[in-house]
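Biologist: I have the sequence and the model open now. Can you take me through it?

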Amino acid sequence: MIKKIIKYIFVCIILLCIGFYFLVQNKKPTYNGTLELSTLKESVNVYFDEVGVPHIYASNQEDAYQALGYVHAQDRLWQMELIRRIAAGRLSEIFGKDLIETDKLFKGIGIPYISEKEIEKLDTTAVSYKLTQAYLKGINAFIDNGPTPIEFTIVGVKKEHYNIHDVYHVFGYMAFGFAQAHKTDPLLSNLRENLGEQYLKDLAIDINPKSTLIKNYPKRKQKTIASNIASSVQNALENSPIPSFIGSNSWVVGPRKTKHKKVILSNDPHIGFAQPAVWYQSHIVTPEYEMYGFNLALTPFPFLGHNRDYAYGITMFENDDIDFYQESDTLSFTKRKEIIKVKGEEDVQFEVQLSPNGPIMNDFLQTIDGDNPIAMDWVFTKLDQDILEASYSISHANSLTEFKAGAEKIYAPGLNLMYGDAKGNIAWFAAAKLYHRTNSAHTKFILQGDNPDDTTLNYYKFEDNPQAVNPKSGYVYSANNQPEQINGAFYPGYYLPEDRAKRIVNLLDSKNDFTKEDMQKMMNDVQSSVAPELILIIIKELSKVNLTTNEKKAVKILESWKGDFKQNQVAPTIYNKFIYLMFKNTFEDEMGKAGLEQFFQTHIYKRQIAKQLKTRKSVWWDNINTKEIKEQRDEIITTSFHQAIKSLENQFGEDIENWHWNKALTVTHKHAFDKVASLRRFFNVGPFKTDGGNEVINNQLFKINETGEYQVTAGPSTRRIIDFNDIENSLAILPTGQSGNVFSKHYKDQAEKYINGEFVKMKLNKAEIELLEDKLVFIPKKKE
């Protein structure tokens, strides 16, 4: 009897294994063979290289884009599904009530309605429109004929065809993801109301004009209440399974600065880490067109790309393109009804009121006081722009002039477009619709909706935007830092501190014979240009007090530290713990715990690190809870240092030599199923130990906290180096892999390389590509 049971169990296991094997084989992407597509004009050959990048050879662009849609979908359909749903406010349909607030946010700000208006104005005879429709046909062909990704089965969601509205929803999400105003303006308004102007003067709200600035070229003659908005929006975005767009580095070095006298472009956009990775690589070749591009899900035209003639990349401009207005509660608003379908629950219905300055946020953010209407005015929803045509133009430019014309079509999100070409030209354009007011209203605070001086905007011409073309320095760069003045003033924005910019400029100024190998080292650089200066201030204050044995050792470690955020370093562990406690001891008494946490979500906090330590007398130093004592900088620094060392002793032990950075910092690329424990290990990629940290070139972004254990949440979403001296061997890397299909061999095959700072060749040579083993042929479906 026992033998029969054992035999039965054994047979069941074998059958389960066989069933799982066939399931896996059925769910894998198709990299070989022949497939029919009914709307193809001629056959298309697709070669997949060693990391799964499709090299698409077609006789015309419409066929090429249809093939791109198919292969993009077979690797990333689940990612497409998530990103089209977030901006449309449809996540609750598949994830349930936990995503209601996220859906209310995006339905409330009205991205679907703006998309509809933009689509109605599209020229359906334009090449950009026709190629987009071809791309969508390819996606829908995979939906009809390809295997269903396992995520759809697990969640229980049916596949739906995609249309051009979905493409525009991606643009809307991208634009809102770049914005910082919703994290910053309400918080600052609340601080001003509750604390007064003196506290604001000591915050790094505006950029120090003496810091490292992005330089314009040629030089121009200069012309002489709602404190819960920020936390509500942040909570809604944090619940989203889609990563947010954050920062970036890029530099383009001209011929006189390179060893082989050819342009080299480097770019690593900083975006929230997730699995799958944000970018999808593809290489399209037709008789009249070639582009090796990096596409977002559901975007037919790449925002990063290169060919034999030119290369381009992006960083986030960080300009201010959202304003908040306090509206009078006596105004009558127009209204819009919204319905959210919720999995397993009744529909949620709510009403959005619309003022001339935009939607009233009180209607879709629960934590805002309903008696004080706050409207959100956003360039993306305010002005007509054809971002589809803009993305087509920059990816199909035949000259620097045409590329600039494409940049001019972008109003929001604000982007720094970086450019270099085979002729030796280099350029940087701040692409956004910039504006100013006649009054001196500070746009980082909530404005008055009934004040015409606050609401009347005057728009700059594109020629007035920050930009540089072939500057004398021999390079252009961007690290999300403040550009130089335009029309006699610094354009307002949410710029990051000078740390990365200063390091980039120092490195680029150091020599005139750069090579591709130099750029590889530079992109993996983890040395802070600012931290060593701040350490001197800290140590000077500590010299006045008695220290324990471990505290003395810590001081010596910090004294010898050059600012490197490497895994085997101890100093970064001490430094970051100290910075957190210094901020806690300096700001929490005035801001409160929740306010301090929100402050950490803004770029101002990063700028405040250097400003606060360099300011001996600041109203923030004093703890308002100790009425009989007025604390100064030295007391806060000393107290914070003592607390930091004690905390680290409790965390890592008494031996300070073991407090390595790799014990504090880890990175995991989380799938949308991360919150389901039983699925997490199957779909997530990581954890990994990594070099890097906040505001170094290898920008591994994390939120400082009391625990001293830091989870990297964002970083370089790709690293690219395009060398026009050796264009067929340009380099790139993704954080995990090309495919979002967990059964694909390319799901995470780049992850270890990425962590180790390695790169993969971006193939352009046709003879080399045709030798690849994986070849998929699309043929026109025969008419019956």
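Modeller: One cut-off before we start: a residue is called buried when its relative accessible area is under 20%. Histidine 669, with a relative accessible area of 1%, is therefore buried. Bear in mind that this is a predicted model.

Biologist: Where does histidine 669 sit, then?

Modeller: Histidine 669 is in strand β22, which covers residues 665–669.

Biologist: And what is histidine 669 in contact with, leaving aside its neighbours within four places in sequence?

Modeller: Phe273, Ala274 and Gln275 are on the list, along with Asn684, Val685, Phe688, Pro735 and Thr736.

Biologist: Gln275 caught my eye. What is the peptide bond from glutamine 275 to proline 276 like, cis or trans?

Modeller: That bond is cis, with omega near 10 degrees. Proline 276 belongs to the loop between β5 (264–272) and β6 (280–286).

Biologist: What about the bond from alanine 412 to proline 413?

Modeller: The peptide bond from alanine 412 to proline 413 is cis too, and its omega is near 5 degrees. Proline 413 is in the loop between α14 (400–408) and β15 (415–421).

Biologist: Let's step back. How many helices and strands are in the protein chain?

Modeller: The chain has 25 helices and 29 strands.

Biologist: What is the radius of gyration, and how does it sit with a compact globule?

Modeller: The protein chain has 27 Å, which agrees with the value near 28 Å for a compact globule of 784 residues. The C-alpha trace spans about 90 × 75 × 65 Å along its principal axes.

Biologist: What share of the residues is buried?

Modeller: Buried residues account for 62% of the 784. The accessible surface of the chain is about 31,100 Å², and carbon and sulfur atoms hold 50% of that.

Biologist: And the charges: how many positive and negative side chains?

Modeller: There are 93 positive and 98 negative side chains, with the centres of the two sets 4 Å apart.

Biologist: Now the inside. How many residues are in the largest nonpolar core?

Modeller: The largest nonpolar core has 235 residues, and those with the most contacts inside it are Ile139, Trp251, Trp279, Ile574 and Phe778. Helix α2 (residues 61–88) gives the most to this core, contributing 14 residues. In general, nonpolar side chains of soluble globular proteins tend to be buried together.

Biologist: Pick isoleucine 574. What does that residue touch?

Modeller: Not counting residues up to four places away in sequence, isoleucine 574 touches Ala554, Ile557, Leu558, Ile645, Leu648, Ile656 and Trp659.

Biologist: Which residues of helix α16 are buried?

Modeller: Helix α16 runs over residues 499–508, and seven of its ten residues are buried. The set is Asp499, Arg500, Ala501, Arg503, Ile504, Val505 and Leu508.

Biologist: Another helix residue: where is alanine 134, and is that position buried or exposed?

Modeller: Alanine 134 lies in helix α6, residues 127–145. At 3% relative accessibility it counts as buried. Beyond residues up to four places away in sequence, alanine 134 touches Glu62, Tyr65 and Gln66. The C-alpha atoms of alanine 134 and tyrosine 65 are 5.7 Å apart, with the two positions 69 residues apart in sequence numbering.

Biologist: Switching to glycine 293: which strand is that in?

Modeller: Glycine 293 is part of strand β7, residues 289–295. With a relative accessible area of 1%, glycine 293 is buried.

Biologist: What does glycine 293 touch, not counting residues up to four places away in sequence?

Modeller: Tyr280, Gln281, Ser282, Pro302, Leu304 and Gly305. As for a position further along, the C-alpha atoms of glycine 293 and methionine 762 are separated by 10.0 Å, although the two are 469 residues apart along the chain.

Biologist: Last topic, backbone angles. What is phi of lysine 261, and of glutamate 318?

Modeller: Lysine 261 has phi near 60 degrees, a positive value in a residue other than glycine. For glutamate 318, also not a glycine, phi is positive and near 70 degrees.

Biologist: Where are they, and how covered is each?

Modeller: Lysine 261 is in the loop between β4 (245–253) and β5, and counts as partly exposed at 48% relative accessibility. Glutamate 318 is in the loop between β9 (310–316) and β10 (322–326), and is buried, with a relative accessible area of 4%.

Methods:
Residues numbered from 1 in each chain as written. Predicted model: local features only at pLDDT ≥ 70, side-chain atom pairs only at ≥ 80, totals over all residues. Heavy atoms only, no water. Helix = DSSP H or I, 4+ residues; strand = E, 2+ residues; numbered from the N terminus. Rg over C-alpha atoms; globule rule 2.2 N^0.38 Å. Buried < 20%, exposed > 50% of the residue type's maximum accessible area, 1.4 Å probe, protein only. Areas by Shrake-Rupley, 256 points an atom, 1.4 Å probe, with all protein chains shown as cover. Lys, Arg positive; Asp, Glu negative; His and termini not counted. Charge placed at Lys NZ, Arg CZ, Asp CG, Glu CD. Core = buried A, V, L, I, M, F, W, Y, C linked by side-chain atoms within 4.5 Å. Contact = heavy atoms within 4.5 Å.
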